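I opened my notebook today to look up a few things in this model. Here is what I jotted down, in the order I went.

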Amino acid sequence: MSPSSAAIPTRCWRKEVPEVGWGDFRLIATRDPAVLIIRYDWRNNSVLFVHNLDETPREIAFSAGLPGEAGKLLINLLAEDHSHADERGRHRLVLEPYGYRWYRVGGLDYLLKRSDIDTNTTGKAPYPA
């Protein structure tokens, strides 16, 4: 990761990644206790953050935790190293010490997929409209 990547103003991230402020989050299972993976979901869109919390490099494999084709493509929000899942739907990453990757799940057409209201996994609003 480029050190200058982290210097992007917070106000830009609020507009670019509303899933963090408005959405629900899920921890994604990993076999390595030094790696934290969080997926935020809001209005049919998701972002996924992967963090190495250790001073040694880590190699990990994980699934984005979404059904079908939704989690097969991860678009890196800070660099050009995007991730394509293997035939089993798993992504493989090597993280440098204390490294991180921030991804948009499924591509950059997220505005086209955004729902008008929040829905749960059954497709229904979690509260009366």
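Entry 1. I started with the neighbours of Ile75, in a model that is predicted. Leaving aside residues up to four places away in sequence, I found Ile75 touching His82, Trp102, Tyr103, Arg104, Gly107 and Leu108. I also checked a pair distant in sequence: Ile75 and Gly106 are 31 residues apart along the chain, yet their C-alpha atoms lie 7.1 Å apart in space.

Entry 2. Next I asked myself: is Ile75 buried or exposed? Its relative accessibility is 11%, under the 20% cut-off, so Ile75 counts as buried. I placed Ile75 in strand 5, which spans residues 73-76.

Entry 3. Then I traced the sheet. I noted six strands in an open sheet, ordered 1-2-3-8-5-6, with antiparallel pairing. At the edges I found strand 1 (24-27) and strand 6 (83-84), each of which pairs on one side only.

Entry 4. I looked closer at one pairing in that order. Strand 3 (residues 45-52) runs antiparallel to strand 8 (residues 100-105), and five bridges join the two. Within this pairing I picked out Phe49, whose bridge partner in strand 8 is Trp102. I had already met Trp102 among the residues that Ile75 touches.

Entry 5. Last, I went to the surface. Which residues make the nonpolar patch there? I listed Phe25, Leu27, Leu36 and Leu53, with a patch area of about 410 Å². Of these I followed up Leu27, which sits in strand 1, one of the edge strands. Leu27 has 58% relative accessibility, over the 50% cut-off, so I wrote it down as exposed.

Conventions. Residues numbered from 1 in each chain as written. Predicted model: local features only at pLDDT ≥ 70, side-chain atom pairs only at ≥ 80, totals over all residues. Heavy atoms only, no water. Pairing = 2+ DSSP bridges. Helix = DSSP H or I, 4+ residues; strand = E, 2+ residues; numbered from the N terminus. Buried < 20%, exposed > 50% of the residue type's maximum accessible area, 1.4 Å probe, protein only. Contact = heavy atoms within 4.5 Å. Patch = residues over 30% accessible without salt bridge, like charges linked within 9 Å, V, L, I, M, F, W, Y side chains within 5 Å. Areas by Shrake-Rupley, 256 points an atom, 1.4 Å probe, with all protein chains shown as cover. Salt bridge = Lys/Arg side-chain N within 4 Å of Asp/Glu carboxyl O.
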